[in-house]
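Me: Please take me through one part of this model slowly, namely the open sheet and whatever packs against it. I would like one connected account that I can follow with the structure open beside me.

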Amino acid sequence: ALQNLFLSLVSHGLWGSVRLVELEFGPGKPQYIAARVDVARVDSYCRGFSLEKGLPFDTAVVLRRSIRNYSREAISSESLLDVLKWSMGEIVAGSRPYLKFGEEYGVNGSVAVFNVRGLDKGIYEFNAKDMELELVRTGDFREKLWRASLMQESVRRAAAVIVLFGDSLLGEVEAGAVGQNIYLNAVDEGLGTVAIGAFHEEDFLEVFGEQRPLYVFPLGKPAE
């Protein structure tokens, strides 16, 4: 619901000035969450979806799907970086393209590259501030991550695998917001993805050496 609210504000060009200022968990069955958002500099931002990419937003929403089968075709480093940039990069200084759930963002992203033009196979960290990929270690980790993901074929078939990391409860909520963006931006790049939440956490930590893995997103060209 929070992300839907934020997407509504995004459609009016307000995303760069929106932050979550209060989050409250209420008792009862089911639990509820009360949230209040602060919208600043309305006059400066209310000018439509000024940073929208080539594909209309509503079209991307309609076309998004969970895609598990990918071709063997390589994807470009530009497409991979665009998916990351528009999903969790600081497009405006200090602001990513989704609601901030606390004082600081609680999710980091890394990528296992298998078949990406212009990039060596290996593990890369996404620098959200500079919106660049930074090589951490080289090597082919396809089989290891496939096994760590309970042998889900989408991981083995993918050209790259995006992994979101975070340590807090709000980080888990934030990962859902980033994941929704990954789906939309994958559509815009002509790629497919699927959200994976079942995996061996320890094996991912061994490969990435990051915080707690929250979500896994294989990325590739959809098979015909």
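Reply: Strands β6 and β7 form a hairpin in which 4 residues lie between the two strands, and Met 131 in the turn has a positive phi of about 55°. That value belongs to a residue that is not a glycine, and its place is in the loop between β6 and β7. Please keep in mind throughout that this is a predicted model. The two strands of the hairpin run antiparallel and are joined by 6 bridges, and as a landmark for following the pairing by eye you can use Asn 127, which stands opposite Glu 132 in β7.

From the hairpin the account can widen to the whole sheet. The sheet is open and made of 6 strands, with antiparallel pairing, in the order β7-β6-β4-β8-β10-β9. Its edge strands are β7 (132-138) and β9 (192-193), each of which pairs on one side only. One face of the story is the helix α7 (residues 169-188), which packs on the sheet and touches β8 (160-165), β9 and β10 (213-220), while its direction makes about 5° with that of β10. On the other side of β6 from the hairpin partner, in the strand order, comes β4; here 5 bridges join β4 (residues 108-113) to β6 (residues 122-127), and these strands too run antiparallel. Within that pairing, Ser 110 stands opposite Glu 125 in β6.The side chains around the sheet come next. The largest nonpolar core has 51 residues, and those that touch the most other members are Leu 80, Leu 145, Ile 162 and Phe 208. Two or more residues are given to this core by each of α4 (77-88), β4, β6, α5 (142-148), β8, α7, α8 (201-208) and β10. In soluble globular proteins, nonpolar side chains tend to be buried together. To see how one of these core residues is surrounded, consider Ile 162, for which, once neighbours within four places in sequence are left aside, the contacts are Leu 80, Val 83, Leu 84, Ser 110, Val 111, Ile 182, Tyr 215, Val 216, Phe 217 and Leu 219. Ser 110, met above opposite Glu 125, is thus found again among the contacts of Ile 162.

Aromatic rings add further detail, since the structure holds 6 aromatic pairs. In one of them, the ring centres of Tyr 183 and Phe 217 are 6.4 Å apart and the planes meet at 85°, so the pair is edge-to-face. Because Tyr 183 lies in helix α7 and Phe 217 in strand β10, this pair ties together parts that are 34 residues apart in sequence. Both of these residues, Tyr 183 and Phe 217, are buried, and Phe 217 also appears among the contacts of Ile 162. Ring pairs also link Phe 165, Phe 199, Phe 204 and Phe 208 into a cluster, and Phe 208 is one of the core residues that touch the most other members. A charge meets a ring as well, for the charged end of Arg 156 sits over the ring of Trp 146, 3.7 Å from its centre.

Some residues in the surrounding helices and loops complete the picture. Lys 144 lies in helix α5, and at 35% relative accessibility this residue counts as partly exposed, because that class covers the range between under 20% for buried and over 50% for exposed. Not counting residues up to four places away in sequence, Lys 144 touches Glu 206 and Val 207; the C-alpha atoms of Lys 144 and Val 207 are separated by 8.4 Å, although the two residues are 63 apart along the chain. Met 151 is found in the loop between α5 and α6 (153-157), where its phi is near 60°, a positive value in a residue other than glycine. With a relative accessible area of 46%, Met 151 is partly exposed.

Gly 209, by contrast, is exposed, with a relative accessible area of 61%, and its place is in the loop between α8 and β10. The C-alpha atoms of Gly 209 and Val 136 are 73 residues apart along the chain and separated by 9.8 Å.

For the chain as a whole, there are 8 helices and 10 strands, and 45% of the 224 residues count as buried. Among contacts between residues at least 6 apart in sequence, 70% join residues at least 24 apart.

Definitions and conventions
Residues are numbered from 1 along each chain as its sequence is written. This is a predicted model: local features need pLDDT of at least 70, side-chain atom pairs count only at pLDDT 80 or more; totals for chains, interfaces and linings use all residues. Side-chain values use heavy atoms; hydrogens and water are left out. Two strands pair if DSSP finds at least two bridges between them. Contact means heavy atoms within 4.5 Å. Axes are lines fitted to C-alpha atoms, for helices over the stretch in contact, and angles run from 0 to 180 degrees between N-to-C directions. A nonpolar core is a set of buried Ala, Val, Leu, Ile, Met, Phe, Trp, Tyr and Cys residues joined through side-chain atoms within 4.5 Å. Buried means under 20% relative accessible area, exposed over 50%, partly exposed in between (1.4 Å probe, protein chains only). Rings of Phe, Tyr and Trp (its six-membered ring) pair if their centres lie within 6.5 Å; planes under 30 degrees apart count as stacked, over 60 as edge-to-face and the rest as tilted. A charge sits over a ring if NZ of Lys or CZ of Arg is within 6 Å of the ring centre and within 35 degrees of the ring normal.
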